[in-house]
Amino acid sequence: MSKLRILYAATEIDPFLQTTKVAEFLRRLPQGMQEMGMEIRIFVPRFGIINERKNRLHEVVRLSGINIAVGEDEKPLIIKVASIPNAKLQVYFIDNEDYFHRKSVLVDKNDKFHADNDERAIFFCKGVLETVKKLGWAPDIVHCNDWMTGLIPMYLKTTYKKDPIFKDAKSVFTIYNNEFDHKFGGDIIEKAKMLDIDDDMLAGLKTADFGGFIKIGMEYADTIVKSDEDFSDNLNAIFTEYSQNKKNKQIGQVGADENLLTSYYALYNELAN
């Protein structure tokens, strides 16, 4: 088999940030795939609580400087990179002063959900794809993890589908039990739009909540994966509805056991061929 190229996009990765099971999963799976012969790139947001000096983050000037549109606003994209200790893996960090310099992740010091987390997610999804384009690195598989990456499968099937870098890419969307109650503003559809995307394509996002991001990810991904966690009734209902109604290839819960790496190795190869 040829050496597959796997792009991982996620909300966090150990050891830089660890708040949910996503961080642990992203630490284990990409390294395992690399050791099995695959070529890996990893992208996460550069949340402000990540200590740049301690973790030796540095800006990649040749990749920075793109402006990313979020609705009518354009925000400059900064790309930083760091290596995972004791692993031959680099992590790319999507950064922007307005979105990622506050010393928190999704909630403030009073445990209040950041009202612009939708914009931060949109900026992150678009920023990942634009950076990969600039890298000139064509992934075979784009593995999206958690709600914040939910728009990437849609962008791959629309705006970027004819781009030489992404034209053959298949997407995997893994859902985690990281549900929140916040409702975003009604302009979320306009903020998320790009070329070749109309309102109907974003219908799943009209609820402007956690479920909206999940529905978009499930609708456009080539494969849906449910993390090995207990899900809320609401999340289970969303998962069941979309897995029954869509023609997505879908594997159930993949446990964090000795079969994890072989399961994903087989899944990626099946998707790419």
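## Close-up legends for a predicted model

**View 1. Ser171 sits in a strand.** Ser171 has its place in strand E9, which runs over residues 170–175. Keep in mind throughout that this is a predicted model. With a relative accessible area of 1%, Ser171 is buried. Leaving aside residues up to four places away in sequence, Ser171 touches Val142, Pro153, Leu156, Lys157, Tyr220, Ala221, Asp222, Thr223 and Leu271. If you want a distance to try in your viewer, take Ser171 and Val105: they are 66 residues apart in sequence, and their C-alpha atoms are 25 Å apart in space.

**View 2. Helix H1 and the elements around it.** H1 covers residues 21–35. Its 15 residues reach 22 Å from the first C-alpha to the last, close to the 21 Å expected at 1.5 Å a residue. Which residues of H1 are buried? They are Val22, Ala23, Phe25, Leu26, Arg27, Leu29, Pro30, Gln31, Gly32 and Met33. These buried residues pack against strand E1 (5–9), strand E2 (39–45), strand E8 (141–145) and helix H9. Following H1 comes Gly37, whose phi is positive, near 100°.

**View 3. H1 crosses H9.** Two packed helices are described by the angle between their axes and the distance between the axes. Here H1 and H9 pack at an angle of about 65°, and their axes are 10 Å apart. The crossing of H1 and H9 is right-handed. On the H1 side, the contact is made by Phe25, Arg28, Leu29, Gly32 and Met33. The H9 side brings in Leu260, Leu261, Tyr264, Tyr265 and Tyr268.

**View 4. Helix H9 by itself.** H9 takes in residues 260–272. How does its span agree with 1.5 Å a residue? The 13 residues should span 18 Å, and the end C-alpha atoms are 18 Å apart, so the two agree. The buried residues of H9 are Leu260, Tyr264, Leu267, Tyr268, Asn269 and Leu271. Leu271 is also one of the residues that Ser171 touches, which links this view back to the E9 strand.

**View 5. Two cysteines, no bond.** Searching the whole structure turns up zero disulfides. Why is there no bond between Cys125 and Cys144? The closest cysteine sulfur to that of Cys125 is in Cys144, and at 7.2 Å it is too far for a bond; a disulfide needs the two sulfur atoms within 2.5 Å. Starting from Cys144 gives the matching result, with Cys125 holding the closest cysteine sulfur at 7.2 Å. Cys125 counts as buried at 0% relative accessibility, and Cys144 is buried too, with a relative accessible area of 0%.

**View 6. Phe100 and its neighbours.** Phe100 lies in helix H3, which covers residues 97–100. Buried or exposed, where does Phe100 fall? Phe100 is buried, with a relative accessible area of 0%. Not counting residues up to four places away in sequence, Phe100 touches Pro45, Arg46, Phe47, Gly48, Ile94, Asp95, Arg120, Phe123 and Met148. Phe100 and Thr223 are 123 residues apart along the chain, and 30 Å separates their C-alpha atoms.

**View 7. Backbone oddments in the loops.** A cis peptide bond joins Asp14 and Pro15, with omega at about 15°. Pro15 is found in the loop between E1 and H1. Next up are two positive phi values in residues other than glycine. For Arg56, phi is near 55°; this residue is in the loop between helix H2 (52–55) and strand E3 (58–59). Arg56 is exposed, with a relative accessible area of 69%. Asp111 has a positive phi of about 65°, and its place is the loop between H3 and helix H4 (117–135). At 62% relative accessibility, Asp111 counts as exposed.

**View 8. Asn234 in helix H8.** Asn234 lies in H8, a helix of residues 233–245. Asn234 counts as partly exposed, at 41% relative accessibility. Its C-alpha atom and that of Glu119 are separated by 24 Å, with their places 115 residues apart along the chain.

**View 9. The annotated domain.** An unreviewed UniProt entry carries the annotation "domain: Starch synthase catalytic" for residues 5–227. Over that stretch the chain is 29% helix and 22% strand. The end C-alpha atoms of residues 5–227 are 22 Å apart.

Methods. Residues numbered from 1 in each chain as written. Predicted model: local features only at pLDDT ≥ 70, side-chain atom pairs only at ≥ 80, totals over all residues. Heavy atoms only, no water. Helix = DSSP H or I, 4+ residues; strand = E, 2+ residues; numbered from the N terminus. Expected span 1.5 Å × (residues − 1). Buried < 20%, exposed > 50% of the residue type's maximum accessible area, 1.4 Å probe, protein only. UniProt positions renumbered as here; feature names shortened; annotations may be inferred. Axes fitted to C-alpha atoms, helices over the stretch in contact; angles between N-to-C directions. Left-handed = near helix turned anticlockwise from the far one by under 90°. Contact = heavy atoms within 4.5 Å.
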